[in-house]
Structure formats: C-alpha cells, structure tokens
Amino acid sequence: MPRYGHDASHYDWGRGALNLAAEHAAGIDLFTYKATEGTSYVDEVLSSTMIEARPVGFPVLGTYHFLWPGNAAAQADFWLAAVEEFASWWRDHPCWIWQIDAETTSAGSHPTVADINACGDRIVARTGCSPKRVAVYAPHWLYGGKPRGLRSDLPAPAATGGRGAVLDASYHEPTGTWRVPAAEAALAASGGLAGLRYQLLWASSYVGGSGDFKTLYPGDGASQWGAYDGITPTILQYTSSATIAGQHTCDANAIRVNSVADLQALFEGDNVTSPSQWSAADWAAFDAHAGSAANHAALAIEAQVAGNLSGTINRIVSDLSLDQAADSKLNTLTAKLGDLVGQVTAVQTTVGKLQTGQVDVQGLADDLMAGGLPLELAQQIAAHVTLAAK
C-alpha cells in the first residue's frame, strides 16, 4: 500500500479552509506548503498554515519554493528566511523536507538543472540537512526525455476540423500523433535532468477524472512512474483534481512505500544547524532578507529559542527520576517551561524597546540578560545586531 501526500498553496485556501488534521486522518502522511517564490513573494497564508500543520503530526512535513531561473542561492536564502520567520520550529520536526518547485514561470521561462543544483546546495549548506531532505519537483512534461512534443491522446484531424484546431499543432501522419511546437520547444530547451545532483525526484504525470485521492491513484506499476533521464520518481503527483478530506481540486501524490518508517527513511539524515552555528556569510545572507536590525534580532532569537526548545524538554524529562509521581514530573516540567516563556516574553519586550529607541544596540545584551537569557547567547545576539545596525 502506498503512502500519500498533498502539496498546497494559498490557491487551495481560496476554495475553502483546509482541514489538515482531517487530511492526516484520511491518509495523508506527507504535506508540503508553498513558502516563497523568487526573492520577493511569501505565500499569504504561510503563517497560519504552518501554525495549523505543526500539531497535526504529519510524518513528513515541509515547504516548497517556486524557483525562477537565475539567482538561485539568493532565492534559497529568501526561502530559508521566510521559514525561519513563520516556522522556526522546523528543526524539531522528525522529517522536515525542502521541496524545490521547478516548472514554467509566468514569464514562460524555467529553471535549469544548474539553477536547481545551486538552490539545493544553498539549502544544504545553510541548514546542514542531508541532501536527501531536498526534493525536486521537475515534471515530466518539462524535463522529460524524447520523443518531445508528441501527443497521442488527441483525436485525428477529421475529428477536430483540421490542422491547428487543437492548440497550435500539426498532425504527424506516420506516427498518428499531434506535434505541439510549444511543448516541443520547452522540452528541448530544458535539456532534461542530466547533471541533477538532487535525485529525489517529484514527478508529475496525471490520470484522468476527479474524485477521492486514493481512488484516483493508478497503482504502483502504472506508466506514470516511468523513469526519465535515468531517474525514477520517488514521489508521483498523479492528479490535480483529487478530493482530500472534503477539499476538492487538490494535488495528490503517492510514494511507493508500505510504512511511515519507510517513508521517512527516504529522506534519511537529521543533522541541522541552529542560527548560533551560522557563519558570517550565513548571517549576511540572512540579513539581506530579515529587514531592520530589530526585526533581525526578533527572528534570530525566535529561531534560537525554537531550535533549543525540543532538546530542553527532552533533557528535563530525562533528568527526572522514573519513580517520581506523575504530578510531580508535570509540575517540574511546567516550571521549567514557565522559565522559557518568561525568557521569550522578556525578549519580545527588549525587541520592542529596540524598535522604539528606548534601548540602543550597545545596551541590548544587558537587557537580554536581565530578561533571563544566558550571557553567551545575549552577547552573541547583541554583537551581531550592532553590526547589522551599522
């Protein structure tokens, strides 16, 4: 039995509210949501979608970036900055993935393999994640192999009124197919996927009809799973007309594994770095998209606190004696979490002071430490914000 996935964006919300908990209960184990496009667009529903997705328990969760040709590293930085802002807890998820969306842009262009590689390289370098956490949506119709631009699913000229009646096409008598110049040109220009370093391929090849996402799945042996440019798809988007938990016109995806454990194993690797481990170049790239020094401080602190929260809770729980009463354990954990909440509140107050000029960057470390942050972290943040403000 395959596992199923859903990739969505604000367009899906436009058809009605998503119910992600219901989706997971219905059998969706992988969920990705559009975060960004290019270097200027952040999906308008990213924040609320991530808030809803976090507690659902999707075994595989992530965001995707619609990649434009050129400036791939800068686009990756923009993507990461948005995720840090709206889902800074992503490091706590057991299997967070980064989906590069490579397809035709509104300008008619599309990313090259070099663009895709550069974007993936930047994400891996910045986050420290396994390259297998980077999935590449590169549809067969754009990056597939030869024969190019041939359509065998359209009727012969007699049924359509003659040449050019179907798209901008001509009928090829020897093969009984339509030749579609626009599709042929796009495929030829894409150059296929030769040289692609990130071979966790997310393919797109649709079945007909609409209905329940499981009913529409063509099966593990279907032709839609065919390899192209020597790469067999790991994930197959087989329709954009599925119904998932009552929501219609959804993109449905399948993964040919039998268990959640096998699904997560496809994206093996769990090494990620926190902002405190970033290099000067990483901080510079983050600054380019984080805005003012005050906003940067807020994002950096949020990412640091979220990145440490899971580990802190695990340490607290492991330090408790196993023979303690359950209520005593809960009280201890609650007290420790209360301390963390107090630190976050103090940080928010300090950021507000910085934004309104009530405290300068030189006094930021003292203010942060007064709020309960450790000396080393407070000094590191203050030092960086001082440089960013210059």
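**Exercise 1. Identify the residues with the most contacts inside the largest nonpolar core, and the helix that gives this core its largest share.**

Solution. The largest nonpolar core holds 60 residues, and those with the most contacts inside it are Trp96, Trp98, Leu193 and Tyr238. A nonpolar core is a set of buried Ala, Val, Leu, Ile, Met, Phe, Trp, Tyr and Cys residues joined through side-chain atoms within 4.5 Å. Buried means under 20% relative accessible area, exposed over 50%, and partly exposed in between (1.4 Å probe, protein chains only). Helix α4 (residues 72–86) provides the largest share of this core, six residues. Helices (H or I, at least four residues) and strands (E, at least two) are DSSP runs, numbered from the N terminus. A second, separate core has 13 residues, including Cys95, Tyr137, Ile235 and Val257.

The model is predicted: local features need pLDDT of at least 70, side-chain atom pairs count only at pLDDT 80 or more, and totals for chains, interfaces and linings use all residues. Residues are numbered from 1 along each chain as its sequence is written, and side-chain values use heavy atoms, with hydrogens and water left out.

**Exercise 2. Determine where Val83 lies and which residues it contacts.**

Solution. Begin with the element: Val83 belongs to helix α4. Next, take its accessibility: with a relative accessible area of 2%, Val83 is buried. Then list its contacts (heavy atoms within 4.5 Å). Leaving aside neighbours within four places in sequence, Val83 touches Ala35, Thr63, Ser88, Trp90, Trp96 and Trp98. Trp98, with the same kind of neighbours left aside, is in contact with residues including Thr63, Trp79, Leu80, Val83, Ile123 and Thr127. Finally, the C-alpha atoms of Val83 and Ser47 are separated by 9.1 Å, although these residues are 36 residues apart along the chain.

**Exercise 3. Check the length of helix α5 against its expected span.**

Solution. The expected span of a helix is 1.5 Å times one less than its number of residues. Helix α5 (residues 113–127) has 15 residues, so it should span 21 Å; its end C-alpha atoms are 21 Å apart, which agrees. Among the buried residues of α5 are Val113, Ile116, Ile123 and Thr127. After the helix comes Gly128, whose phi is positive, near 75°.

**Exercise 4. Describe Ala245, Thr249 and Thr239 in and between strands β12 and β13.**

Solution. Ala245 is found in the loop between β12 (235–244) and β13 (247–255). Its phi is near 50°, a positive value in a residue other than glycine, and Ala245 is partly exposed at 37% relative accessible area. Thr249 lies in strand β13; its phi, near 55°, is likewise positive in a residue other than glycine, and at 34% relative accessibility it is partly exposed. Thr239, in strand β12, is buried, with a relative accessible area of 1%. A polar atom of the Thr239 side chain lies 2.9 Å from the backbone nitrogen of Ser241. Leaving aside neighbours within four places in sequence, Thr239 is in contact with residues including Tyr206, Leu216 and Cys250.

**Exercise 5. State which regions have pLDDT under 50.**

Solution. pLDDT is the predictor's confidence in each residue, from 0 to 100. The protein has a mean pLDDT of 76, and 59% of its residues reach 70 or more. The value stays under 50 over residues 146–190, where the model has 64 contacts beyond four places in sequence. It also stays under 50 over residues 306–324, with 17 such contacts. Where pLDDT is low, the predicted coordinates should not be read in detail.

Notes
A polar contact is a pair of N or O atoms within 3.5 Å; within protein, one must be able to donate a hydrogen and the other to accept it, and residues adjacent in sequence count only if both atoms are side-chain atoms.
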